[in-house]
Amino acid sequence: MDRIHILGRDCSGSLTVFYEGPFWVGVFVRVENVKLYVAKVTFCSEPSDKEIFEFINNYYYKLQFSPGVDANVKPEIENPKIKLK
């Protein structure tokens with residue numbers, strides 16, 4: 001899950017694609033300001049990486065996310081092997 005910081009907001013998101021019955025399903029998860037939002041998308045056939053990328057570019061902002069629920073966000077653990085200067 002990637003984390004970004006936009007205008008004072010902590011945001012992260014992920015997409016999981018899996019096979020369910022005769023369809024492929026994508027579940028978008030967005031965590032923003034300690035609230036969790038979810039949207040589900042049904043694909044007819046298994047989407048390629050290119051099709052997923054195009055879907056995100058064209059339709060992400062049109063998705064109907066669920067109302068936000070409180071999320072238990074764990075603080076990120078710093079990797080001791082990586083030292084930033």
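In this predicted model, the side chain of Glu 32 makes a polar contact with the side chain of Arg 30, at 3.3 Å. Glu 32 sits in strand 3. The two residues also form a salt bridge, with 3.3 Å between their closest N and O atoms. What about exposure? Glu 32 has a relative accessible area of 15%, so this residue is buried, the cut-off being under 20%. Arg 30 comes out at 22% and therefore counts as partly exposed.

That pair is part of a slightly bigger story, as the structure holds 3 salt bridges. Side chains of opposite charge can pair when their charged atoms come close. Another of these bridges joins Lys 40 to Glu 20, and here the closest N and O atoms are 3.7 Å apart. This one ties together distant parts of the chain: Lys 40 belongs to strand 4 and Glu 20 to strand 2 (residues 9-20), with the two positions 20 residues apart in sequence. Lys 40 is exposed, at 58% relative accessible area, whereas Glu 20 counts as partly exposed at 42%.

Then there is the bridge between Lys 35 and Asp 70, whose closest N and O atoms lie 3.0 Å apart. It, too, links distant parts of the chain, as Lys 35 is in strand 4 and Asp 70 is in strand 5 (residues 69-70), 35 residues apart. Lys 35 is partly exposed, with a relative accessible area of 31%. Asp 70, for its part, reaches 65% and counts as exposed.

Away from the charges, which residues make up the largest nonpolar core? There are 9 in all: Trp 24, Phe 28, Tyr 37, Ala 39, Val 41, Phe 43, Phe 55, Leu 63 and Phe 65. Two elements give two or more residues to this core, namely strand 3 (23-32) and strand 4 (35-43). Strand 4 supplies the largest share, with 4 residues. So strand 4 turns up in both settings, because Lys 40 and Lys 35 are in this strand as well, going by its DSSP run.

Phe 65 is a handy core member to follow in the structure. Leaving aside residues up to four places away in sequence, Phe 65 touches Phe 28, Arg 30, Tyr 37, Val 38, Ala 39 and Tyr 60. Among these contacts, Phe 28, Tyr 37 and Ala 39 are fellow members of the core. Arg 30, also touched by Phe 65, brings the picture back to the start, being the salt-bridge partner of Glu 32.

Key
Residues numbered from 1 in each chain as written. Predicted model: local features only at pLDDT ≥ 70, side-chain atom pairs only at ≥ 80, totals over all residues. Heavy atoms only, no water. Core = buried A, V, L, I, M, F, W, Y, C linked by side-chain atoms within 4.5 Å. Buried < 20%, exposed > 50% of the residue type's maximum accessible area, 1.4 Å probe, protein only. Contact = heavy atoms within 4.5 Å. Polar contact = N/O pair within 3.5 Å; in protein donor to acceptor, adjacent residues only side chain to side chain. Salt bridge = Lys/Arg side-chain N within 4 Å of Asp/Glu carboxyl O.
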